[in-house]
Amino acid sequence: MAISASFKSFHCASFVFLHLPTTEEETEQNEPRDHMANLTSGYPSKCLLQSEALLQYMLQTSVYPREHEQLKALREQTSKVCGTEAVMSVPPEEAQMLSMLLKLANAKKTIEIGVFTGYSLLATALALPEDGKITAIDEDGSSYEIGLPYIRSAGVDGKVDFIESEALPVLDELVEKSKLKEEELFDFAFVDADKVNYGRYHERLMKLVRIGGVVVYDNTLWFGTVAEPANPSLHPEVKEARKSIIEFNKQLSADPRIELSQVCIGDGITICRRVA
Ligand SMILES: C[S@@+](CC[C@H](N)C(=O)[O-])C[C@H]1O[C@@H](n2cnc3c(N)ncnc32)[C@H](O)[C@@H]1O
C-alpha cells in the first residue's frame, strides 16, 4: 500500500527532519552539523534517554515481555509496510504508560486525535473496560486500514469509532453536542497529530473532557529540539512544529484549568488533569 510521505500528516518525520543542503548550499555553509544532525542522520530513536543501552534494558526487561501479541504484530507490520514512517507510531514504552494512565484514571470514554496505523489506539482499546469506547480521528483512513486487522484480532474493534476527517471540525461538532448532554464528555484524550493545531485542540478538549479527566499530549519535547537554539538546517516543517510546540508548552504552563506533568518518555509527553 502506498503511504503518503507528506509532512502535513507526518509532523514527526525523522527521515525528512533535516533540510539537507544541496552541493551548492554545502559549499556556502560548510558548518559542522550539531548533535541534531547526528541524531537525525540514519534512523533516530524518539527516545530522549542518554543511553541506547538503557532504552534497550527498559524495553527488554519491562516492555516487550508485557506487550500484547497483537500490539507486537501491529508494530512489526507497521515497520514492514511503512518503513521509516513507522517512527510516527508511539514507542512501546509510551503505549505501556498510556495504558497505565487509562487504568489509573478509570477511563471508559476516550478520544484520540492522530491514529496512523493504530498502535496507541490498540493500546488504549486493550486498556479500556469491556464497555469502553474510543472516538478515534484521523484525516488518513488508509493507514488505519493497516492496523484494523490487528485491532480485530485482539477482539477490541467494537470499542472503536474511527472517524476519517480533519480533527478540528469533528471536535467542534462534539463541543456542540456536549453542550446538550453532559454524558457526551470524555474521561481521557490522547493527542498525537499536527503540532501546529495543538493549541486549538486544547481549547476544544477543555470543553470536551470532564473536570477530573485527563488529556495527554505527545511529542512535547519534540526530539529534544525545544531546548536547543533554532537550527537552520532543520526541515522547514520540523522548524514550524518546533515553534508550535514551544508556544504550546507555554500555553499549557499558564493554563489554570489544568494541572500538568511533563514526562520524558518517547520524545516527551505532557499529562494534564482538567481541574476547572
Ligand atoms: C504521529 S501520527 C499518529 C501516531 C499514532 N498515535 C500511533 O501511535 O500510531 C499523526 C497522525 O495524525 C494525523 N493528522 C495530522 N494532521 C491531522 C489533522 N489536522 N486532522 C486529523 N488527523 C491529522 C496523520 O494523518 C497521522 O496519521
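Visitor: How do you know that strand β1 and strand β2 pair?
Guide: Count the bridges. In this predicted model, β1 (residues 109-113) and β2 (residues 133-138) share five bridges in the parallel sense. Pairing takes at least two bridges, so these strands qualify. For one spot to look at, K109 stands opposite K133 in β2.

Visitor: And what makes β1 and β4 a pair?
Guide: Again the bridges: four of them join β1 to β4, and the two strands run parallel. With the cut-off at two or more, that counts as pairing. Look for I111, which sits opposite A189 in β4.

Visitor: Which residues face each other where β4 meets β5?
Guide: F190 stands opposite V216 in β5. Strand β5 covers residues 209-218, and its pairing with β4 is parallel, over five bridges.

Visitor: Why is β4 called largely enclosed?
Guide: A residue needs 20 or more other C-beta atoms within 10 Å of its own to be buried. Five of the six residues in β4 (residues 186-191) are buried, so the strand is largely enclosed by the rest of the structure.

Visitor: What makes up the β-α-β unit here?
Guide: Take β4, then helix α10 (residues 198-208), then β5; together they make a right-handed unit. The hand is called right because, with the strands pointing away from you, the path from the first strand over the helix to the second runs clockwise.

Visitor: Where does all this sit in the whole sheet?
Guide: There are seven strands in an open sheet, ordered β3-β2-β1-β4-β5-β7-β6, with mixed pairing.

Visitor: Why are β3 and β6 called edge strands?
Guide: Each pairs on one side only: that goes for β3 (160-164) and for β6 (258-263). As for twist, neighbouring strands of the sheet are turned by 15° against each other on average, direction ignored.

Visitor: Over to the loops. What is notable about phi of N106?
Guide: Phi is near 50° there, a positive value in a residue other than glycine. N106 lies in the loop between α6 (92-104) and β1.

Visitor: Is N106 buried or exposed, and how do you know?
Guide: The cut-off for exposed is 12 or fewer neighbours. N106 has 10 C-beta neighbours inside 10 Å, so it counts as exposed.

Visitor: What about F116, buried or exposed?
Guide: F116 has 25 C-beta neighbours inside 10 Å, and buried starts at 20, so F116 counts as buried. Its place is the loop between β1 and α7 (119-127). Phi of F116 is near 50° too, again positive in a residue other than glycine.

Conventions: Residues numbered from 1 in each chain as written. Predicted model: local features only at pLDDT ≥ 70, side-chain atom pairs only at ≥ 80, totals over all residues. Helix = DSSP H or I, 4+ residues; strand = E, 2+ residues; numbered from the N terminus. Axes fitted to C-alpha atoms, helices over the stretch in contact; angles between N-to-C directions.
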